[in-house]
Amino acid sequence: MNKRTHELNRINNDLDKLLDPENEPAMTDIVCYLRGASISLYNQEIIRQDLLEMVLSAQERGENIQTVIGTDYKTFCDEIIASFPPKSNKEKVIDFFDTVFLSLSIFCAITIIMANETLVLIHNLIVGEPLNFNISITSGLIVSLLIALVAAFAIVNFIMKNSFTIGNLFHNNRPTVLLVLGSFPVFLIIAWFGRNTVFTVNIFIALLFSLGLYLAHCVLSRL
């Protein structure tokens, strides 16, 4: 986030610490829902600040958050969001690639750390045996990475859009839970049958690639 947004976020985080325990869950759901709104991050923080100040004022009067905004949090948030200009196409593109670069940098770093070749390299480095700095990239790994990236986007978007009902969805909808849990064996099957090596890469080049993705995320997040 840019400097102006970062400063407002810091102020809001400080205000957030003043909330009574009974108001914290509702405010967390509201902020989560705002994160999924198609408005700029700065405007999200503006809304968050206004709501925090309203709730904190209510607390001083001995009232809770429902007294201020009612019980239909979603409708309340939708009405406020509608009063702000939507993200421009440029902002949407920047946000998309920002998220992609950050996700890929994390996935790449995990892949490098968990690679068998990395463990062998560490072992050989300790015992003084010949070192091999190459790691293998398999077809299963590439497919799993793409699936994980798409799934991460879908899950995060789902949670943000359903932040007010997510608890009930998982509590009352057993198939939803089974679907989430059932996705893990899929990755194991892909990894098992996709063990053929597509290419090898030097571990230091892979680390630089992961770092480059993270730096690209840092640049985009400040635009």
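**Exercise 1. Find how many Å the 26 residues of H6 should span, and compare that with the distance between its end C-alpha atoms.**

Step 1. Helices (H or I, at least four residues) and strands (E, at least two) are DSSP runs, numbered from the N terminus. Helix H6 covers residues 89-114.

Step 2. The expected span of a helix is 1.5 Å times one less than its number of residues. For the 26 residues of H6 this gives 38 Å.

Step 3. The end C-alpha atoms of H6 are 37 Å apart, which agrees with the expected span.

Before you go on, a word about the model: it is predicted, so local features need pLDDT of at least 70 and side-chain atom pairs count only at pLDDT 80 or more, while totals for chains, interfaces and linings use all residues. Residues are numbered from 1 along each chain as its sequence is written, and side-chain values use heavy atoms, with hydrogens and water left out.

**Exercise 2. List the buried residues of H6, and say which elements they pack against.**

Step 1. Buried means under 20% relative accessible area, exposed over 50%, and partly exposed in between (1.4 Å probe, protein chains only).

Step 2. In H6, the buried residues are Ile94, Asp98, Val100, Ser103, Leu104, Ser105, Cys108 and Ile112.

Step 3. Contact means heavy atoms within 4.5 Å. The buried residues of H6 pack against helix H7 (116-127), strand E1 (134-138), H8 and H11.

**Exercise 3. Which residues do Ser105, Ile94 and His217 touch, leaving aside neighbours up to four places away in sequence?**

Step 1. Start with Ser105, which sits in helix H6. Ser105 counts as buried because its relative accessibility is 4%. Its contacts are Ser210, Leu213 and Tyr214.

Step 2. Move on to Ile94, also placed in helix H6. With 18% relative accessibility, Ile94 counts as buried. Ile94 is in contact with Leu220 and Leu223. The C-alpha atoms of Ile94 and Ser221 are 8.0 Å apart in space, although 127 residues separate the two in sequence.

Step 3. Now look from the other side, at His217 in helix H11 (residues 203-221). His217 has 13% relative accessibility, so it counts as buried. It touches Asp98, Phe101 and Leu102.

**Exercise 4. Do the buried residues of H2 line one face of the helix or fall on opposite faces?**

Step 1. Helix H2 (residues 24-35) has 12 residues and reaches 17 Å from its first C-alpha to its last, close to the expected 16 Å.

Step 2. Its buried residues are Ala26, Met27, Ile30, Val31, Tyr33 and Leu34.

Step 3. Look down the axis of H2: these residues fall within an arc of 160 degrees, so they line one face of the helix. The arc is that of the directions from the helix axis to the C-beta atoms.

Step 4. What does this face meet? The buried residues of H2 pack against helix H1 (3-16), helix H3 (41-60), helix H4 (65-69), helix H5 (73-82) and helix H8 (139-161).

**Exercise 5. How many salt bridges are there, and how far apart in sequence are the partners Glu7 and Arg10 and the partners Lys74 and Asp78?**

Step 1. A salt bridge is a side-chain nitrogen of Lys or Arg within 4 Å of a carboxyl oxygen of Asp or Glu. By this rule there are seven salt bridges.

Step 2. Glu7 and Arg10 form one, at 2.5 Å from N to O. They are three residues apart in helix H1, and therefore separated by about one helical turn. Glu7 is partly exposed at 35% relative accessibility, and Arg10 is partly exposed at 38%. Glu7, Arg10 and Asp14 are linked in a network of salt bridges.

Step 3. Lys74 pairs with Asp78, the closest N and O atoms being 3.1 Å apart. Both lie in helix H5, four residues apart, about one turn of the helix.

Step 4. Here is the general idea behind both pairs. An α-helix has 3.6 residues a turn, so residues three or four places apart point the same way.
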